[in-house]
Amino acid sequence: MQTDFTEAQLQDPATARANEILRACVHCGFCTATCPTYQVLGDELDSPRGRIYLIKDMLENERVPDAKTVQHIDRCLSCLACMTTCPSGVHYMHLVDHARAYIEATYTRPPGDRALRWMLAKILPYPMRFRVALLAAKIGRPFAPLIPDARLRAMLQMAPKRIPPVSRNDDPQVFTARDRKLRVALMTGCAQKALNTDINDATIRLLTRLGAEVVVADGAGCCGALTHHMGKTEESHAAAARNIRAWTREIAGGGLDAIVINTSGCGTTVKDYGHMFRDTDLADEAAQVAARAKDVSEVLLELLPDGAPAFTANTARFDLAGTDAVAIPPTGTGPLTVAYHAACSLQHGQQIKAAPKELLTRAGFRVLEPADSHLCCGSAGTYNLMQPEISAQLQDRKVQTLEAVKPDVIAAGNIGCMMQIGQATQVPIVHTVELLDWATGGPRPPALDAPPGVPNLRTPATIAPDAAGSLRETNR
């Protein structure tokens, strides 16, 4: 694509980067075939190619965006399926993120939109505030039909029927491993800690069982993704900087082999810290952190021995790295059938596609993928709250394809996807690590026995060494 930025404009690093990305686009249109919003709306301007034209015009002319431009860019999920499809390597993520920051700085949204976005930015990244908001939403849910704004109705409907108690495993501390192979930091996140405490608990048990010492670093918190994708650069960079400093202290102290992330949306952002801070005083530290950031599935493959899967279908037992083999209670007629939902931020944002399925298969589960697995479920951070109509259509499509494979359980690697899909199906949905933890000696995932919409029915547990030095779970 030909661009016409001035030399003065290109002095701005963000504009220079946008220019590089725009010039890589060859207008081929391959991206339209895999863009969820184009599939639903059928409007060229709601495809990556159409949005690229809008962004180019807006940036080149340094114009205040109009409502139409903002609407089409707001409708982008940032699912990044277009980046997987693009034969020219157009880095659409950096382009649309810059466009959103530009819009945030130059466009005056209607008062209702400003209030909604401010509220989301001030609540979702803060677990305790989010818990209070979820409680309020639970109380207000019966009145949802009376609320005219579909976005506010979506917020009320998002609240789970039961809010799990706080897990003390998310507090800053170190979880030791019997035979330490790695030392890793676990990113405990923000919204996930309020919505589902089972995920971090299972991750800690699984990693320590396989030989990773797990550090929950003091000062680490929200990755900044939620505000970053709203264009609120100052807030997102402040959150990211706190993480960078917290993990840099651990790197300089006891050392870190990896920073483990079990929410793939966060993982995509943390892996991009090097780019986000490239022109700041934190550039070197951010690059160190980004280089160590790994999805939990990547680390699990490192910890597992090479070679045979160690699973025997005849016994339905699985042995990981010398741990005691544990029976996986199947359906009674064979292995548990797992429909694997590939989160966009994992398969497109991080290009991790095979690892979770390989791990589940090695653990003895029968793993199936739905049709059109590349398409988004409609969660996309705050998208399901700010674009509820489009999100609901994508949710319906995704649930239909998942249920079509007739699974016993759905597995995913991102809390947003789990909440989005779980609201619309009776099939239990759990995080991949919960199934792997169960297969290697951990408890049965509570969601398998819970009514739909109830993420946690058990007393939260701490994880502590027993007399033999192994890890056990103890209820408080």
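1. The largest share of the lining of the largest cavity, 3 residues, comes from helix H3, and this note on a predicted model therefore starts from that helix and the space beside the lining. 

2. The count of cavities of 30 Å³ or more comes to 6, and the largest of them has a volume of about 130 Å³. Its lining is made up of 17 residues, among which Cys 25, Cys 31, Ile 52, Cys 86 and Val 90 lie nearest the centre of the cavity. By class, this lining holds 13 nonpolar, 3 polar and 1 charged residues. At least two lining residues are supplied by each of helix H3 (48–60) and helix H5 (81–85).

3. Pro 48 has its place in helix H3. Is Pro 48 buried or exposed? Pro 48 counts as buried because its relative accessibility is 5%, and the cut-off for that class is under 20%. Leaving aside residues up to four places away in sequence, Pro 48 touches Cys 31, Cys 35, Cys 82 and Tyr 92. Thr 37 stands 11 residues from Pro 48 along the chain, and the C-alpha atoms of the two are separated by 9.3 Å.

4. Helix H4 (residues 67–74) has several buried residues, namely Thr 69, Val 70, His 72, Ile 73 and Asp 74. The partners against which the buried residues of H4 pack are H3, helix H6 (92–106), helix H7 (111–123) and helix H20 (383–386), so that H3 appears here as a packing partner of H4 as well as a contributor to the lining of the largest cavity.

5. Turning to the strands, S9 (residues 337–340) has Thr 337 and Ala 339 pointing one way and Val 338 and Tyr 340 pointing the other way, with all of them buried. S9 pairs in the parallel sense with strand S10 (residues 366–368) over 3 bridges, and S9 also pairs in the parallel sense with strand S11 (residues 409–412) over 3 bridges. Ala 339 of S9 has a bridge partner in each of these strands, which is Leu 368 in S10 and Ile 410 in S11.

6. Which residues of the largest nonpolar core touch the most other members? Of the 78 residues in that core, they are Leu 207, Phe 365 and Leu 435. When residues up to four places away in sequence are not counted, Leu 435 touches Val 338, Leu 360, Phe 365, Val 409, Ala 411, Val 430 and Pro 445. One of these contacts, Val 338, is a buried residue of strand S9, which links this point to the strand pairing described above.

Technical notes: Residues are numbered from 1 along each chain as its sequence is written. This is a predicted model: local features need pLDDT of at least 70, side-chain atom pairs count only at pLDDT 80 or more; totals for chains, interfaces and linings use all residues. Side-chain values use heavy atoms; hydrogens and water are left out. On a 1 Å grid over the protein atoms alone, a cavity is a set of points where a 1.4 Å probe fits but cannot get out, and a pocket is an open set with protein on both sides within 12 Å along at least five of seven lines; lining residues have an atom within 4 Å of a point. Grid points are joined across faces, edges and corners, and a volume is the space filled by probe spheres set on the points. Helices (H or I, at least four residues) and strands (E, at least two) are DSSP runs, numbered from the N terminus. Ala, Val, Leu, Ile, Met, Phe, Trp, Tyr, Cys and Pro count as nonpolar, Asp, Glu, Lys and Arg as charged, and the others, Gly among them, as polar. Buried means under 20% relative accessible area, exposed over 50%, partly exposed in between (1.4 Å probe, protein chains only). Two strands pair if DSSP finds at least two bridges between them. A nonpolar core is a set of buried Ala, Val, Leu, Ile, Met, Phe, Trp, Tyr and Cys residues joined through side-chain atoms within 4.5 Å. Contact means heavy atoms within 4.5 Å.
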